[in-house]
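Colleague: I have the model open and would like to go through some of its charged residues and loops with you. Could we take it slowly, please?

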Amino acid sequence: MDPVAAAILVVATVAIAWVVAVVFSKKARPVVVETDQDTSDTNGDVNKGKKQAAVGKKGGSKPGKSKTSQQQPAKEKFTHQWLISTMKGHTGLIRGMDLSPNNKFLLTCADDRTVYLWFTKDFSDRDHKSIRVNIPFDCANYVRWSPDSKAFIIAREGEKMLEVYKLGRKPDNSIGNITPSLQWPQNAEKSQDYVGLGVACNGKYVMSCIADGTVELRDKGTILKKFLSPLPKTVGARVSPCGRYIAVFGQQDVVIFLVKFNATSGQVEDVDVKWKVKVKGSSDITSIDFNTDSSKLVMLCQSGSWHLYDTTGSRVNEETKGQIEDAVSTKSNATVALSGDARVVLIGAQNNLYFFSAFSGQLLDQIADVHKGIKQFNS
């Protein structure tokens with residue numbers, strides 16, 4: 001063989017062997033696919049986060065070790081013809097919520113040490129933007145909006161104090177950077193749990209009530225009035241939508257206080273007892289609510305009975321009552337709400353919702369198993 005041809009043949013053989021070795025020594029690498037997902041950071045800004053998903057070659061994983069083969073069955077989703085949206089974000093028990101006066105935002109607080117701000121305009125969309133506000137080493141039991149929808153107040157469970165948060169603005173004028181601006185510690189000798197929190201619609205006072213029945217009215221931290229409920233046991237307190245009444249309830253009694261304002265300055269001048277209502281022949285009261293103009297008041301008892309009262313006269317008179325007939329217990333975490341026009345009474349007990357006619361007391365509709373676990377909610 002010609003020496004030159006032999007040299008060329010050797011070089012070609014070596015080259016082919018190197019190529020084959022490189023190609024077959026390479027392992028199949030997964031393809032990384034990036035998908036967008038809305039996330040909220042801890043300082044209250046809404047951002048776009050990146051989530052990576054690894055996609056391997058078909059049949060490339062060993063039997064029994066594939067993540068897809070170990071996937072849990074999908075959880076059953078709640079559906080109903082009235083359902084608009086389901087928001088997901090909290091990882092703990094929901095303690096309270098409040099809709100802003102301008103109807104643009106919904107606040108929720110939970111024992112996962114967070115408060116979430118939701119945008120109502122996104123309720124009908126598939127994706128829901130939210131802003132998460134962290135409560136360091138504590139959680140909120142109650143949350144309430146200010147009348148101008150530019151701030152909110154929470155009652156901290158561990159610290160036993162009230163904390164005011166203002167809605168900040170980012171350079172693009174969107175909401176963000178929500179931080180606490182005021183803190184109001186309790187003035188009691190021994191700190192106690194809050195059982196009520198409310199803000200007057202005219203912004204003239206913030207009402208807070210603690211377990212021993214002490215009620216305080218504040219304005220920017222200044223205590224305007226402080227008084228003690230005459231009830232032997234205080235379960236809760238609520239400010240009426242008109243801001244003129246404060247209702248304190250416990251056991252079978254409700255005491256309604258009238259807040260008097262100065263005719264010139266509009267500031268709180270005095271607080272007097274307006275009415276005392278006793279629910280006869282029933283069990284302890286667990287929740288109350290007013291309608292929009294505060295002309296009606298509804299009460300829910302542990303026995304599952306509810307009672308609607310008229311507050312427009314010189315006395316509070318019972319107009320209608322109803323009863324949950326099934327075996328659902330309302331001893332705890334049961335809440336009552338009255339529609340703005342006082343036509344419908346809504347009760348949330350355990351995992352069920354009950355809709356009653358405020359005129360006849362009859363059950364209109366019922367939605368069962370809204371949640372799979374027992375929920376707690378501070379109205």
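**Charged pairs, loops and contacts**

Modeller: Let us begin with K226, which counts as partly exposed because its relative accessibility is 48%. Please keep in mind throughout that we are looking at a predicted model.

Colleague: OK, and which residue does K226 form a salt bridge with?

Modeller: Its partner is E216, and the closest N and O atoms of the two are 3.7 Å apart. E216 belongs to strand β13, residues 214-219, while K226 belongs to strand β14, residues 222-228, so the pair ties together parts that are ten residues apart in sequence.

Colleague: Is E216 itself buried or exposed?

Modeller: E216 is buried, because its relative accessible area is 7% and the word is used for anything under 20%. E216 also forms a salt bridge with R218, where the closest N and O atoms are 3.0 Å apart. R218 counts as buried too, with a relative accessibility of 5%.

Colleague: Why would side chains like these pair at all?

Modeller: In general, side chains of opposite charge can pair when their charged atoms come close.

Colleague: What about K225, which residue does it form a salt bridge with?

Modeller: K225 forms a salt bridge with D270, and here the closest N and O atoms are 3.9 Å apart. This pair links distant parts of the chain, since K225 is in strand β14 and D270 is in strand β18 (residues 268-278), 45 residues apart. K225 is partly exposed with a relative accessible area of 27%, and D270 is partly exposed as well, at 30%.

Colleague: How many salt bridges does the count come to?

Modeller: The count comes to 13 salt bridges. Elsewhere in the model, D138, R156 and E163 are linked in a network of salt bridges.

Colleague: Changing topic, which residues gather in the patch of positive charge on the surface?

Modeller: The patch brings together K104, K121, K129, K150 and R169. To take one of them, K121 sits in the loop between β5 (114-119) and β6 (130-134), and K121 is exposed, with a relative accessible area of 67%.

Colleague: And which feature does UniProt place at residues 87-118?

Modeller: The UniProt record, which is an unreviewed entry, places the feature "repeat: WD" there, at residues 87-118. In this model that span is 0% helix and 53% strand, and its end C-alpha atoms lie 8 Å apart.

Colleague: I noticed N103 while scrolling, so what is its phi?

Modeller: N103 has a positive phi of about 65 degrees, although N103 is not a glycine. As a general point, most residues other than glycine have a negative phi. N103 is found in the loop between β3 (94-99) and β4 (105-110).

Colleague: And K220, what is the phi there?

Modeller: K220 likewise is not a glycine and has a positive phi, of about 55 degrees. K220 lies in the loop between β13 and β14, and it is exposed, because its relative accessible area is 73% and exposed means over 50%.

Colleague: Let me turn to contacts in space. What separates the C-alpha atoms of H80 and I367?

Modeller: They are 8.4 Å apart, C-alpha to C-alpha, although H80 and I367 are 287 residues apart in sequence. H80 lies in the loop between β2 (46-55) and β3, where H80 is partly exposed with a relative accessible area of 26%.

Colleague: Where is P180, and how far is it from V164?

Modeller: P180 has its place in strand β10, residues 175-185. The C-alpha atoms of P180 and V164 are separated by 5.5 Å, with their positions 16 residues apart along the chain. P180 counts as partly exposed, at 43% relative accessibility.

Colleague: Last one from me: is I135 buried or exposed?

Modeller: I135 is buried, with a relative accessible area of 2%, and I135 lies in the loop between β6 and β7 (140-145). The C-alpha atoms of I135 and I154, which are 19 residues apart along the chain, are separated by 9.9 Å.

Notes: Residues are numbered from 1 along each chain as its sequence is written. This is a predicted model: local features need pLDDT of at least 70, side-chain atom pairs count only at pLDDT 80 or more; totals for chains, interfaces and linings use all residues. Side-chain values use heavy atoms; hydrogens and water are left out. Patches are made of residues with over 30% relative accessible area and no salt bridge: like charges are joined within 9 Å, nonpolar side chains (Val, Leu, Ile, Met, Phe, Trp, Tyr) within 5 Å. Accessible areas come from the Shrake-Rupley method with a 1.4 Å probe; for residues, only the protein chains shown count as cover. A salt bridge is a side-chain nitrogen of Lys or Arg within 4 Å of a carboxyl oxygen of Asp or Glu. Lys and Arg count as positive and Asp and Glu as negative; His and the chain ends are not counted. The place of a charge is taken as NZ of Lys, CZ of Arg, CG of Asp or CD of Glu. Helices (H or I, at least four residues) and strands (E, at least two) are DSSP runs, numbered from the N terminus. Buried means under 20% relative accessible area, exposed over 50%, partly exposed in between (1.4 Å probe, protein chains only). UniProt positions are given in the numbering used here, feature names are shortened, and annotations may be inferred rather than shown by experiment.
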